[in-house]
Amino acid sequence: MKNIRNFCIIAHIDHGKSTLADRLLGYTGTVTEREEQAQLLDSMDLERERGITIKSHAIQMEYMHEGENYILNLIDTPGHVDFSYEVSRSIAACEGALLIVDAAQSIQAQTISNLYLALDCDLEIIPVLNKIDLPSANPEEVTDDIVALLGCTPEEVIPASAKTGQGIKEILTAVIERIPAPSGSVDEPLQALIFDSVYNPFRGVETYFRVMNGEIKKGQHIKFVNANKSYFADEVGTLKLKQEPKASVKAGDVGYLITGIKEAKEVKVGDTITDFKNPTQNIIAGFEDVKPMVFAGIYPVDTEDYEELRSSMEKLQLNDASLVFIPESSAALGFGFRCGFLGMLHLEIIQERLEREFDMVVITTVPNVSYQAYTNKYPDKVILVNNPSDLPDPSSLNRMEEPYIKASIITKADFVGSVMSLCIEKRGMLTNQTYLTTQRVELTFDMPLAEIVFDFYDRLKTVSKGYASFDYSPIGLRESKLVKVDVLLNGNIVDALSALLHQDNAYDIGKKMCEKLRQLIPRQQFDIPIQAAIGAKIISRETVKALRKDVTAKCYGGDISRKRKLLEKQKKGKKRMRQIGNVEIPQEAFMAVLKLND
């Protein structure tokens, strides 16, 4: 065990995690030159195109250092804030972390939040200054920032370039010398932490784990503690570029397990694996069920594709256990699903994967968050409101609570004013303001999650000219004055466009929604009134004017009463047509509600 090192790579988005992992694999000879390619550990096309890591991957490297052979387990982590629970479990499976900071961009919001996650688990941090070959790099200044953040000495910061391969040997030496070997005993009962799982269509769910104590053997009868299920280990082994089956995986090591599980929901990230007959008494702390933060309806464009969409969603759920969905129906869109996502990036990725992998063209309704309502009759009974239509009758409503987040924004000192005004507009309250350096400021706000779901991130990048980085964590529920705003087309409520909004913003947003829809809904043979309403009270109205034939064109000269008679006749026809008319809503209208500030 003294020759095993388990470490992960943590950094902000696009600071070079995956590229550094590629260099480490090449340098240790884990992959041959023929197998080498950019973003080697990112297996999805979507990850390669966007240059982001969606699923974390683990790989084992062997490296000879001063005549001794070492086993290095690298656990790659996603950088995006939506997947922070996965990051926290990956960190819990390690003893050390490489903290990568871009020499051109310096410390960003997620650098700090991921660092705190690592420090909570008492990990040994090795700071790496990446991208020093860039012309815009500023190594001396960024080294000072890292020293101020970590309290280390400038000599401990390793200058490197993952692109050119500079500093890779120094990083490997630091991993072996600075990161402690795993502690644990092979003689104790089996105790292993699940930090990831992937679905293989031929073999079921493959579980990735780190053994803390004991050993896991092929054919052993094991138990998943939190899921409370038992299985037989059909195959165990270690993770090279391809899986290598072994007779057993011992304490301190990282490996994979195949038990023939067909349901991804049964394998929960953060769960403890133990022996069925001789279970461990120490269950690994920190397990939690992944809670969806953002909800949206997904509907097929053609109602006949409903069953096909259901099977596509079920297959996606095998690969991504954090996606939750239940069937629902809408008067405007027919049958579809109410889905829960970890965040807006997760929603985008699911939508993109449905289109790519299953050829499903879908309509996504306005995303919203999960609220809690309490009625006057049962003031202690919680009613979950995931959809505006779930809201109890306003007259019986006692109070409503909405989820709040702690938002951390790091930006240049020049943009503090515009970032503050954006956050206050979004009902944020400034709780802290820290100058990291003379030019870089960290602002901390308490904000409602519902306000950042729409266009907050895009607008933050706009007001800061791209220089702000953003990170958030949930801090619980707070009471709030919320109202349900309905959109009526031709007098009929369109349930897919309803939204729960704060009372102070409802009039403004209702007015903008009507104006936006007026531009997008095509003209018909009759006037279409577009109204926004709170309960029975109309708060805004726009009208899409009718296409009209010029019925008076044949009247040249003559008495005015002839023209009036023709116009009155046309008016009656339009009125009758409006009563039986049906308004088709184009797909852009549902997405346009998100971009009201454009």
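Here is a student and a tutor talking through a predicted model.

Student: Let's start with helix H8. How do you know that its length fits what is expected of a helix?

Tutor: H8 runs over residues 344-358, which makes 15 residues, and its first and last C-alpha atoms are 21 Å apart. At 1.5 Å a residue you'd expect 21 Å, so the span is close to expectation.

Student: Which residues of H8 are buried?

Tutor: Among them are Leu-345, Leu-347, Ile-349, Ile-350, Leu-354 and Phe-358, and His-346, Gln-351 and Arg-353 are on the list too. Just past the end of H8, Asp-359 takes a positive phi of about 55 degrees.

Student: What makes Arg-353 and Glu-357 a salt bridge?

Tutor: Their closest N and O atoms are 3.0 Å apart. The cut-off is 4 Å, so the pair qualifies. Arg-353 and Glu-357 sit 4 residues apart in H8, separated by about one helical turn.

Student: Why is Arg-353 called buried?

Tutor: Its relative accessibility is 7%, and buried means under 20%, so Arg-353 counts as buried. Its partner Glu-357, at 42%, counts as partly exposed.

Student: What about Arg-356 and Glu-352: how do you know that they form a salt bridge?

Tutor: Here the closest N and O atoms are 3.3 Å apart, and that is within 4 Å, so Arg-356 and Glu-352 pass as well. These two are also 4 residues apart in H8, about one helical turn.

Student: Why are Arg-356 and Glu-352 described as partly exposed?

Tutor: Partly exposed is the range between 20% and 50%, so Arg-356 at 37% belongs there. Glu-352 has 27% relative accessibility, so it gets that label too.

Student: How many salt bridges does the count come to?

Tutor: The count comes to 16. One of them joins Asp-102 and Lys-131, with N to O at 3.3 Å.

Student: What parts does the pair of Asp-102 and Lys-131 tie together?

Tutor: Asp-102 lies in strand E4 (residues 96-102), while Lys-131 is in the loop between strand E5 (124-130) and helix H5 (139-150), so the bridge ties together parts 29 residues apart in sequence. Asp-102 has 2% relative accessibility, which means it counts as buried.

Student: Moving on to rings. Why is the pair of Tyr-306 and Phe-335 called tilted?

Tutor: The ring centres are 5.8 Å apart, and the limit for a pair is 6.5 Å, so Tyr-306 and Phe-335 do pair. Their planes meet at 50 degrees; stacked needs under 30 and edge-to-face over 60, so tilted is what remains. The pair links distant parts of the chain, with Tyr-306 in helix H7 (residues 306-319) and Phe-335 in strand E19 (residues 334-341).

Student: Which residues form an aromatic cluster with Tyr-306?

Tutor: Phe-325, Phe-335 and Phe-337 join Tyr-306 in one cluster. A search of the whole structure turns up 4 aromatic pairs. As for Tyr-306 itself, 13% relative accessibility makes it buried.

Student: How do you know that Arg-478 lies over the face of Tyr-404?

Tutor: Arg-478 is 4.7 Å from the ring centre, and the distance limit is 6 Å, so that part of the test is met. Lys-381 lies over the face of Tyr-378 in turn, at 5.6 Å from the ring centre.

Student: Which residues have the most contacts inside the largest nonpolar core?

Tutor: Leu-354, Ile-409 and Phe-456, in a core of 50 residues. Leaving aside neighbours within four places in sequence, Ile-409 is in contact with residues including Val-419, Val-441, Phe-456 and Phe-470. There is also a second, separate core of 34 residues, which includes Ala-97, Leu-99, Leu-123 and Ile-284.

Student: Why is Val-369 called buried, and Tyr-467 partly exposed?

Tutor: Val-369, in strand E21, has 0% relative accessibility, and the cut-off is 20%, so it is buried. Tyr-467 has a relative accessible area of 47%, which is between 20% and 50%, so it is partly exposed.

Student: Where is Tyr-467 found, and what does it touch?

Tutor: Tyr-467 is in the loop between helix H11 (456-463) and strand E27 (469-480). Beyond its sequence neighbours up to four places away, it touches Ile-410, Thr-411, Lys-412 and Phe-415. The C-alpha atoms of Tyr-467 and Lys-412 are 6.6 Å apart, although the two are 55 residues apart in sequence.

Definitions and conventions: Residues are numbered from 1 along each chain as its sequence is written. This is a predicted model: local features need pLDDT of at least 70, side-chain atom pairs count only at pLDDT 80 or more; totals for chains, interfaces and linings use all residues. Side-chain values use heavy atoms; hydrogens and water are left out. Buried means under 20% relative accessible area, exposed over 50%, partly exposed in between (1.4 Å probe, protein chains only). A salt bridge is a side-chain nitrogen of Lys or Arg within 4 Å of a carboxyl oxygen of Asp or Glu. Rings of Phe, Tyr and Trp (its six-membered ring) pair if their centres lie within 6.5 Å; planes under 30 degrees apart count as stacked, over 60 as edge-to-face and the rest as tilted. A charge sits over a ring if NZ of Lys or CZ of Arg is within 6 Å of the ring centre and within 35 degrees of the ring normal. A nonpolar core is a set of buried Ala, Val, Leu, Ile, Met, Phe, Trp, Tyr and Cys residues joined through side-chain atoms within 4.5 Å. Contact means heavy atoms within 4.5 Å.
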